[in-house]
Amino acid sequence: MEVLGIDVGGTGIKSNIVDIETGTSTHEKFKIKTPTPATPDAVIECLKTTVENFNWQGKKIGIGFPAVIKNGISLTASNIDAQFINYDINAKFSEALNCDVTVINDADAAGIAEMTYGKGKGVNGLVIFITLGTGIGSALFYNGQLLGNTELGHLKYKKSVFEKYASNSAREFHHLSWKKWAKELDVYLNHLNLLLSPDLILIGGGVSKNFDLFGQFLNVPVKVDTASLLNDAGIVGAAMASV
Ligand code: BGC
């Protein structure tokens, strides 16, 4: 079965048609910039452009979105417009796109794909999947079962929260060297390890392809690996979560 998967991030909106039986994207990936401010109206315009690009009408769409999503409602908005707080997201997007839209948290979506088709496949115990992008997203899996909407990027750290120091956008914004940034990431991963005693930590998000530049500075007493699906995980997982 094919579903249109869309990954709405803090900086870009990526999409593709996904064969959810195999976890593969079947077309050329479509990318547009996340609008600023990312209000519901502006995001919907981008989603309409996406839907038109794939000529996707009246069918299923799965969307990964950078917010806590419960019962089809978005409840938080850290890297998108505050109008998304308490927003009836499944219903509004379905109506605007004239499709059956299911929205889930973006990190949960990417984690689902990675646990099904990537390095989390068949791993028992606790897997913490982290995405390092504009923010820090997290998805927890116990024996393969998702515990959704965990928001572990928002654990308090220094004067703010960890995602302000250890996300990829923090590295770029403060022009940090890989070593300096990795030190913040190391504190973060050790903190997660202390709190949750995971069996495996998987790092996703575009920056994970540079693991050879920062992995050497991490010193965490648990296996840390990069996600294998990299940036496509969010698209594939969003599509999978819609059925
Ligand atoms: C949001 C999360 C999201 C993460 C990655 C955070 O700022 O609160 O919901 O998963 O960014 O996009």
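## Two domains, one ligand

Domain bounds here come from an automatic or database domain assignment. A residue counts as near the ligand if one of its heavy atoms lies within 4 Å of it. In this predicted model, the shell around the ligand draws at least three residues from domain 1 (2-108 + 233-241) and at least three from domain 2 (122-227).

Two elements stand out by name. Helix H3 (106-117) supplies at least two shell residues, and so does strand E10 (136-142).

## The shell

The ligand has 13 residues around it. Asn105, Asp106, Glu151, His154 and Glu163 come nearest. By type, the shell divides into 4 nonpolar, 6 polar and 3 charged residues.

Where does the ligand sit? The ligand occupies the largest pocket.

## Polar contacts

Oxygen atoms of the ligand meet several side chains. A side-chain N or O atom of Glu163 is 2.8 Å from a ligand oxygen. For Asn105, a polar side-chain atom lies 3.0 Å from an oxygen of the ligand. For Ser78, the distance from a polar side-chain atom to a ligand oxygen is 3.1 Å. Taken alone, the ligand exposes 310 Å², and the protein buries 95% of that.

## Two backbone exceptions

Most residues other than glycine have a negative phi, and most peptide bonds are trans. Two spots depart from these patterns.

The peptide bond from Thr36 to Pro37 is cis, with omega near -5 degrees. Pro37 belongs to the loop between strand E4 (30-33) and helix H1 (40-53).

Asn55 is not a glycine, yet its phi is positive, about 50 degrees. The loop that holds Asn55 runs between H1 and strand E5 (60-65).

Technical notes
Residues numbered from 1 in each chain as written. Predicted model: local features only at pLDDT ≥ 70, side-chain atom pairs only at ≥ 80, totals over all residues. Heavy atoms only, no water. Polar contact = N/O pair within 3.5 Å; in protein donor to acceptor, adjacent residues only side chain to side chain. Areas by Shrake-Rupley, 256 points an atom, 1.4 Å probe, with all protein chains shown as cover. 1 Å grid on protein atoms, 1.4 Å probe; cavity = no way out; pocket = protein on both sides within 12 Å on 5 of 7 lines; lining within 4 Å. Sits in = over half its atoms within 2 Å of the grid points. Helix = DSSP H or I, 4+ residues; strand = E, 2+ residues; numbered from the N terminus. Nonpolar A, V, L, I, M, F, W, Y, C, P; charged D, E, K, R; others polar.
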